[in-house]
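Please open the model in your viewer and keep the sequence panel beside it, since each stop on this tour begins with a selection.

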Amino acid sequence: MDKRIHFLLASLPLLQGVSAADVAQILDHVGYELRNTTAGRRIILQGDTCQHLTFLVEGSLQADCRSADDRYTFTETLQAPLVVEPDVLYGIQRQYACTYTTTSDCVVLTLPKNDVNQMLASIEVFRLNYLNLLSTLAIRRREATQPQEGASLRSRLIRFLANHASVPSGHKHFSIRMSDIGDYLGVSRVLVSDVLHELATDQLLSIGRAGIEIPALERLVTDNKT
């Protein structure tokens, strides 16, 4: 067995805690593809049907997501190790929500759906890891839709920005008009502008003609809890 591949697999989300024997089984019997990819290569297009479980093993990706109503785009940088949109492999909606492009030299692992089915049936730790990840995603999305009775506009705006992220940390970018944010939150453009400039003064984000830059989402999220 290639020790490097063994180490890479064992460090991935969903595979952490899987025994050496099960990792060997994956290498011997599962139709995985492990490939090196240079920076600037698009590996997934928004709207593509998910046929594989995709892991970012090494490197970083840029995720670009366009809203369903075509009014804004959201961009975030994602670091390995990472499993890409694990919830779209099963269910009614199986289209990717974002386009993913490598921003560094990367190692990408893909597992065909049939082999994922086999692993779910035969490797208990993998099955539990997958269920735990899906449960976490479901809880986050449920919390995102809960009403914020009595919340300030600052808190609501931070929540709107943060809820788009697949990971609650790192650099994020919105290309969006203040008037559209106002429409989503049910307030005027002027009020949105006032709050965004407050956040910019607090150095939690910056505002420019290209949109809203959030250098570290974790700082913005922490501010929302204070």
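Select Arg71 and Tyr184 to begin this tour of a predicted model: the charged end of Arg71 sits over the ring of Tyr184, at 5.0 Å from the ring centre.

Keep Tyr184 on screen and turn to the aromatic side chains, of which the structure holds eight pairs. Add Tyr72 to the selection, and you have one of these pairs, an edge-to-face arrangement in which the centres of Tyr72 and Tyr184 are 5.7 Å apart and the planes make an angle of 80°. This pair joins distant parts of the chain, for Tyr72 belongs to the loop between β4 (60-66) and β5 (73-79), whereas Tyr184 belongs to helix α6 (residues 178-185), 112 residues apart. Is each partner buried or exposed? Tyr72 is buried, with a relative accessible area of 11%, while Tyr184, at 31%, is partly exposed.

Next, select Phe74 and Phe174, whose ring centres lie 4.7 Å apart with the planes at 50°, so that this pair counts as tilted. Here too distant parts of the chain are linked, with Phe74 in strand β5 and Phe174 in strand β9 (residues 172-175), 100 residues apart. Both Phe74 and Phe174 are buried. If you now add Phe160 to the four rings already shown, you will have the complete set of Tyr72, Phe74, Phe160, Phe174 and Tyr184, which form one aromatic cluster.

From Phe160, extend the selection to helix α5 (residues 153-162), where nine of the 10 residues are buried, so that the helix is largely enclosed by the rest of the structure. Phe160 is among these buried residues, as are Arg154, Ser155 and Arg159.

For the next stop, select Leu15, which lies in the loop between α1 (3-10) and α2 (20-29). Because its relative accessibility is 2%, Leu15 counts as buried. Which residues is Leu15 in contact with, leaving aside its neighbours within four places in sequence? They are Leu9, Ala10, Ile26, Met119, Phe126 and Asn129. For a distance to check in the viewer, the C-alpha atoms of Leu15 and Tyr32, which are 17 residues apart along the chain, are separated by 14 Å.

Finally, colour the model by confidence. The mean pLDDT of the protein is 88, with 93% of its residues reaching 70 or more. Confidence is lowest in α1, at a mean of 71, and highest in strand β7 (residues 99-102), at 98. Where pLDDT is low, the predicted coordinates should not be read in detail.

Key. Residues are numbered from 1 along each chain as its sequence is written. Side-chain values use heavy atoms; hydrogens and water are left out. Helices (H or I, at least four residues) and strands (E, at least two) are DSSP runs, numbered from the N terminus. Buried means under 20% relative accessible area, exposed over 50%, partly exposed in between (1.4 Å probe, protein chains only). Contact means heavy atoms within 4.5 Å. pLDDT is the predictor's confidence in each residue, from 0 to 100. Rings of Phe, Tyr and Trp (its six-membered ring) pair if their centres lie within 6.5 Å; planes under 30 degrees apart count as stacked, over 60 as edge-to-face and the rest as tilted. A charge sits over a ring if NZ of Lys or CZ of Arg is within 6 Å of the ring centre and within 35 degrees of the ring normal.
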